[in-house]
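Visitor: I am new to this structure and should be grateful for a guided introduction. May we look at it together?

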Amino acid sequence: MDKKQLSIILGENICKYRTQLGLTQAELAEKIGVNSSYISRIECAEKSMKIITLYNLAEALIAIFKKANNKRKRQTNAGNPTAKQNRVPYEPRQGAGPDFGP
């Protein structure tokens, strides 16, 4: 794989994950300390980024994903009782199971 192909794949993935997380290019750019035109050029494979910028971008996307995932879990759990609250106490039926009596 050459540098151009790698830039295309990287740009497509950055765009995909950014949009899945509901971020604009400007919002992502602000989080990693670059301008939005830089993110645009990366997504269009017009520019390569330094390893440290790629690292910062990955860290930002991971943090945003975790925050969104935790928020979604809290919203899901808020409307549903936990499994512990749903448990029915165990009461054996009469005549069920082996007789261990005398």
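Guide: Just after helix 1, one residue deserves notice, and this holds for a predicted model. Gly-22 lies there, and its phi is positive. The value is about 75°.

Visitor: How far does helix 1 reach from its first C-alpha to its last?

Guide: Helix 1 runs over residues 3–20 and has 18 residues. At 1.5 Å a residue, a span of 26 Å is expected, and the helix comes close to that. Its reach is 26 Å.

Visitor: Which residues of helix 1 are buried, and why are they on the same side?

Guide: The buried residues of helix 1 are Ser-7, Gly-11, Ile-14 and Arg-18. They share one side of the helix because the arc they cover around the axis is only 65°. On the other side, the exposed residues are Glu-12 and Gln-20. The answer to the second part is thus the arc of 65°.

Visitor: Which residue has a side-chain oxygen that reaches the backbone nitrogen of Lys-4?

Guide: The contact is found at the start of helix 1. The oxygen comes to within 3.3 Å of that nitrogen, and it belongs to Asp-2.

Visitor: Which helix supplies the largest share of the largest nonpolar core?

Guide: This core has 13 residues, and Ile-14, Leu-28, Ile-39 and Leu-57 have the most contacts inside it. At least two residues each come from helix 2 (25–32), helix 3 (36–43) and helix 4 (51–79). The largest share is 4 residues, supplied by helix 4.

Visitor: Which residues does Ile-39 touch, leaving aside those up to four places away in sequence?

Guide: Ile-39 is among the core residues with the most contacts inside the core. With those sequence neighbours not counted, Ile-39 touches Gln-25, Leu-28, Ala-29, Ile-32, Val-34 and Leu-57.

Definitions and conventions. Residues are numbered from 1 along each chain as its sequence is written. This is a predicted model: local features need pLDDT of at least 70, side-chain atom pairs count only at pLDDT 80 or more; totals for chains, interfaces and linings use all residues. Side-chain values use heavy atoms; hydrogens and water are left out. The expected span of a helix is 1.5 Å times one less than its number of residues. Buried means under 20% relative accessible area, exposed over 50%, partly exposed in between (1.4 Å probe, protein chains only). The arc is that of the directions from the helix axis to the C-beta atoms. A polar contact is a pair of N or O atoms within 3.5 Å; within protein, one must be able to donate a hydrogen and the other to accept it, and residues adjacent in sequence count only if both atoms are side-chain atoms. A nonpolar core is a set of buried Ala, Val, Leu, Ile, Met, Phe, Trp, Tyr and Cys residues joined through side-chain atoms within 4.5 Å. Contact means heavy atoms within 4.5 Å.
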